[in-house]
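Colleague: Could you walk me through this model, one feature at a time? I would like to learn how to read each of them.

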Amino acid sequence: MADTKQVDAKDGRKVARLAKQISTFSAAHGGAEGQVAYLGERGARIVLVGEDGGWGDLVAPSVEIARQAVEKAGITVHEAFDGEFAAKVRTGPYEWTRMAGIQVGGPSNT
């Protein structure tokens, strides 16, 4: 029984830490929306998109912890990363360069 309480307390701290990071991102970007994606044994990815088009992601140890964190942060959560939600993402020169490099075999080291 004691082990269960320790795990629950540890998970609670993870939820609180993730929720704080989500809230900080949201405040910096004029609000935010998110999506939780299962990553397998690794856990879950929380994709965040700010109202200004800025984006980022966090990794949680489980889908349940990710869902609790986004709920605690109070952001809108989407079931999928598509449609109007995906269209809010604004990419810059860095992302376009990286995507182009991947398409043509990666960046050159010459």
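Modeller: Gladly! Let us begin with the surface: the chain has an accessible area of about 7,400 Å², and 53% of that belongs to carbon and sulfur atoms. Do keep in mind that this is a predicted model.

Colleague: Noted. What pattern do the helices and strands follow along the sequence?

Modeller: The order is α-β-β-β-α-β-α-α, made up of four helices and four strands. Of the 110 residues, 29% count as buried. Among contacts with a separation of 6 or more, 54% are between residues 24 or more positions apart.

Colleague: Let us turn to the strands. How many bridges join S1 to S2?

Modeller: Seven bridges link S1 (residues 32–38) to S2, and the two run antiparallel. To find the register, look for residues that face each other: Val36 stands opposite Ile46 in S2. The two strands form a hairpin with five residues between them, and Gly40 in that turn has a positive phi of about 85°.

Colleague: And how do S2 and S3 run, parallel or antiparallel?

Modeller: Antiparallel, with six bridges joining them. One bridge pairs Ala44 with Ala60 in S3. Here the hairpin has four residues between its strands, and Gly53 in the turn shows a positive phi of about 95°.

Colleague: Why is S2 described as largely enclosed?

Modeller: Because six of its seven residues are buried, S2 is largely enclosed by the rest of the structure.

Colleague: What about Gly54: where does this residue lie?

Modeller: Gly54 sits in the loop between S2 (44–50) and S3 (55–60). Its relative accessibility is 17%, so Gly54 counts as buried, the cut-off being under 20%. Leaving out neighbours within four places in sequence, Gly54 is in contact with Phe25, His29, Leu48 and Val49. Ala28 is 26 residues away from Gly54 in sequence, with 9.4 Å between their C-alpha atoms.

Colleague: Finally, how is a pair of aromatic rings described?

Modeller: By two values, the distance of the centres and the angle of the planes. In this chain the count comes to one aromatic pair. The rings of Phe81 and Phe85 have centres 5.2 Å apart and planes at 80°, so they are edge-to-face, as planes over 60 degrees apart count that way.

Colleague: Is Phe85 buried or exposed?

Modeller: Phe85 is buried, at 3% relative accessible area, whereas Phe81 is partly exposed, at 38%.

How values were computed: Residues numbered from 1 in each chain as written. Predicted model: local features only at pLDDT ≥ 70, side-chain atom pairs only at ≥ 80, totals over all residues. Heavy atoms only, no water. Buried < 20%, exposed > 50% of the residue type's maximum accessible area, 1.4 Å probe, protein only. Contact = heavy atoms within 4.5 Å. Areas by Shrake-Rupley, 256 points an atom, 1.4 Å probe, with all protein chains shown as cover. Phe/Tyr/Trp six-rings, centres within 6.5 Å; stacked < 30°, edge-to-face > 60°. Pairing = 2+ DSSP bridges.
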